[in-house]
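Reader: Please take a close look at the aromatic rings. Which ones pair, and where do they sit?

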Amino acid sequence: MKELLLANVQPGHAPLALYLVPSRALANEVESKLIAELGNDLIVTGLYGGTDWGITDYWLTADRPVVLIATVEKAEALMRYVGHLLVQRLRLLLIDEAHQVVSESDANAQEALASHTSRSMRLEAMVSRLLTIKPDVSRIALTAVAGGAAIPVARWMEGRADASPVGLGYRSSRQLIGGLRVHPRRAPEAVLDIMNGQTLYVRGRDAPVYLPLRIPVMPLPAAVIRNSLPHYNQLYVLWTALHLIEGKRRVLISIAQSPERLMKRYAEAFDLPGWQNAPSFVTPANSEDVARLQEARAACIDYCGADSFEVRLLDRGIATSHGQMPQRLRRLMTDLIDRKICPITLATATLTEGVNLPFDIIFVTSLERRSFDAQTGQPVVVPMSTAEFRNLAGRAGRPGAAESIEGMTLVMLPEAVSTTAPGQRAEQSKQVRRAAQDYGDLLGRLQAEDDGGEVNSPLVILLRSIAQRASVQFGLRSEEQFLSWLEATLPEGAGANLGGVSRTPADQLGDSLDELDGFLLAATEELRGVEFTGMDGARAETVLRDLWQRTFAKVTAAEEAWLERSFVKRGRAFVERLYPNQEQRKRLYQYGFTPYIGRRFELVAPQLVDELKGASEYGAWTAERRFELVVQLGERIRAEPGIGFRVRNTAGDQLLLANWRGIIGWWMQLPRAVAPSAELLRSWQRFVTENIEFKLGVAVGAAVAGAWSANAGILATPTLETWRATSGLPWVAFWFRELLRWGTLDPFVAFALSQGIARTREEAANQRGAFETWIAQEGLGRNAETLIDPQRFLAWQRSLIVQRDAAEAVRGVAAQLTTADGRRAFYEVRPIIRNDGVDWIDAAGYSVARSAYSAALLTAHPERHDYSVTSLPAAEVVRTF
């Protein structure tokens, strides 16, 4: 990376590497590792998400080479804000977990495309556009679990039909896939079916390869547990995991859905008869590890509550992680896992997307996800995709992360019913047979992919879906008819209820058209923004023909020329007929929504801006008045299709929607707000993540971005010094998304948490007094805007660094030896602070020396430092670390 980035650097043009990752968790890991390796030579910064510019985006004006780590969503936002700068400096493009561009071809994939939630589509669209705008950029695609997609991904990256991946077939550790046999009257047993992609067997034997695990049989639980086969099997997995960690193994228990249910069952399991004999969690001996564990526990109490399942499990050495967990807490949990403080992890797929965590064994509790479709009245069963399973299995036994040279992924396989109730046995027997069938189906799909199965592009799936639905709905019988329809039809011409995740074919057709239009809008506007030229139909056609050649679709569907014709025809019509106003296209692109939803948002955006302009006194408001602003903004968007709050049509979710003000109040720590019970915590967190942090945050962020862009010059770069004057908005508009992210009404609290100055919201709030004292000492006044000005926050933070540096300069004080005779040159010691000074003791507890108290020497956290007493030429206590 370093060589590619620094090759042929031109004076005045600091090069930039864009490192795309699928998740914030992976961004955090990559950032930490690259800083350790390259931090002395390059600026390494991670932008983990969001759709606007933030306080930490200092790379914008840096004159040193930069490695910018970002999610696809954040990269798209940066292209909207500062695309000209990013493209000008871009020298290297890296795509981690590049296999995620591959799409399934089923109805669920089509629904994700229509609802604008397909991550594979976003990845294909973003990378293809970058390769079109910057065709000479160096590019690297990374993947360890691509399966049969490795060659198509390599061809996409290289733009050549003869390209091939580097390292194909290489495995630095053994990867085993099998099942955990669950039987009420037998000890656990692992059966192994695949090793390194090949079927595993013993020549001359019909029986499968198996490993008897030397683990005692799980104590038989009460009938109420045994009457639920999933409940019994899940406890069996935990029992097995607890007995496997004694050999320093690290175990992941993967959850397909409803993590709160499994967390509850596991938290309660330790109170079951016989479980007191299970191996217990050993608190780490290392003081730094203890501090990390305490910090995570404090954040867990802060965001989840002292009685939450998360806290109860953490006290047992079990880390938890799921998509609705607050980002700060999730990062702290990941740190506990990475440092091997917690031997067992309970997590959904959001944790394991490419992150190199130290797991030796992974237990998969289910190979399917179940839900109920309220619109059709039918249950929905979605099997785990091979891509998801490969990604999960790829986390086990990673070199340098796990203890062993092999990783084992075991699917839970019940072999017998757990109940003795006659009325339950038949149903449980069906569940046993279905689990075996699902496992066999998974093995078959994995083997088929390794043998070179079909690989799908999300863009191809989208175009095929549009063509198929249009032919049925409008009776189109030829390609000519389809192309004519494409050129003339806006999304609302296909469906009437768009942006609301409707399941009707007409609405899904309209939403799918809007998804395609979003790709076309971004492609044409980004190129126009870089070239500073207009965009007419002929130019759009040329651009889109070039773009198609750089899509993953071109690689996977090279024989279907009609797909390219459809893509180009729609694109030209998009510019010439459907959205002919260039200023409108520019505005819609800046919002970040698909065009149809963007047009609806244009009606709401001025209202959001007016609400924010009326909040110029936010810094001086009470918590209650600040909360009113959040509610007012929520009211503006909550019922808007495609923009507003979205919940499932279930009784529980409808109750959440009805209580949305109460949920926001709890999340943002409104005084006297009611917190959820442990059972309801995750559903409240899900509502916050999906509707408050995302839906409301994106809408307000888009309105703020529009206000800034409307007044900014073509080549303007956002800075803190000019942001307020350019946007015409008060500072609360700058902070709003951060407030939602950190769960606070106070921008200072959000700042302190984001900068690592405080560990919890309470600790951050307690430091505001120090900030306001500093303001008074600096003579800056106490007007409302000063109290939340990010420039003031940063200046105050710099003053803390100066104070700390001054303290660091005092590294030694005079001392008098006590029991030591001074024949040794130095003694390693620890401080015991007393009223009349400090006693310095050795590891055995004997006093070595005494000294006067020195706050500068001890600092605010003496436990984080190392000290020694030197005896020559005179006795002195020295801080060595």
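Author: What follows covers the ring pairs, then charges over rings, then the nonpolar cores.

This is a predicted model: local features need pLDDT of at least 70, side-chain atom pairs count only at pLDDT 80 or more, and totals for chains, interfaces and linings use all residues. Residues are numbered from 1 along each chain as its sequence is written, and side-chain values use heavy atoms, with hydrogens and water left out.

The whole structure holds 32 aromatic pairs. Rings of Phe, Tyr and Trp (its six-membered ring) pair if their centres lie within 6.5 Å; planes under 30 degrees apart count as stacked, over 60 as edge-to-face and the rest as tilted.

Take phenylalanine 474 and tryptophan 485. Their ring centres are 5.5 Å apart and their planes stand at 45°, so the pair is tilted. Phenylalanine 474 belongs to helix H15 (residues 458-474) and tryptophan 485 to helix H16 (residues 479-488), 11 residues apart. Helices here are DSSP runs of H or I, at least four residues, numbered from the N terminus. Phenylalanine 474 is partly exposed, at 34% relative accessibility. Tryptophan 485 is buried, at 9%. Buried means under 20% relative accessible area, exposed over 50%, partly exposed in between (1.4 Å probe, protein chains only).

Now phenylalanine 771 and phenylalanine 793. This pair is edge-to-face, with 5.0 Å centre to centre and 70° between the planes. Phenylalanine 771 is in helix H31 (residues 768-778), phenylalanine 793 in helix H32 (residues 790-809). They are 22 residues apart. Phenylalanine 771 is buried, at 0% relative accessibility. Phenylalanine 793 is buried too, with a relative accessible area of 0%. Both rings belong to a cluster linked by ring pairs, whose members include Trp723, Trp735, Phe751, Trp774 and Trp796.

Two arginines sit over rings. Arginine 625 lies over the face of tryptophan 621, at 4.0 Å from the ring centre. The charged end of arginine 761 sits over the ring of tryptophan 667, 5.7 Å from its centre. The test: NZ of Lys or CZ of Arg within 6 Å of the ring centre and within 35 degrees of the ring normal.

Aromatics also appear in the largest nonpolar core, which has 160 residues. Among the members that touch the most others are Phe389, Phe601 and Tyr618. Helix H26 (residues 681-711) gives this core its largest share, 15 residues. Such a core is a set of buried Ala, Val, Leu, Ile, Met, Phe, Trp, Tyr and Cys residues joined through side-chain atoms within 4.5 Å. Another core lies apart from it, with 43 residues, among them Trp239.

Technical notes. Helices (H or I, at least four residues) and strands (E, at least two) are DSSP runs, numbered from the N terminus.
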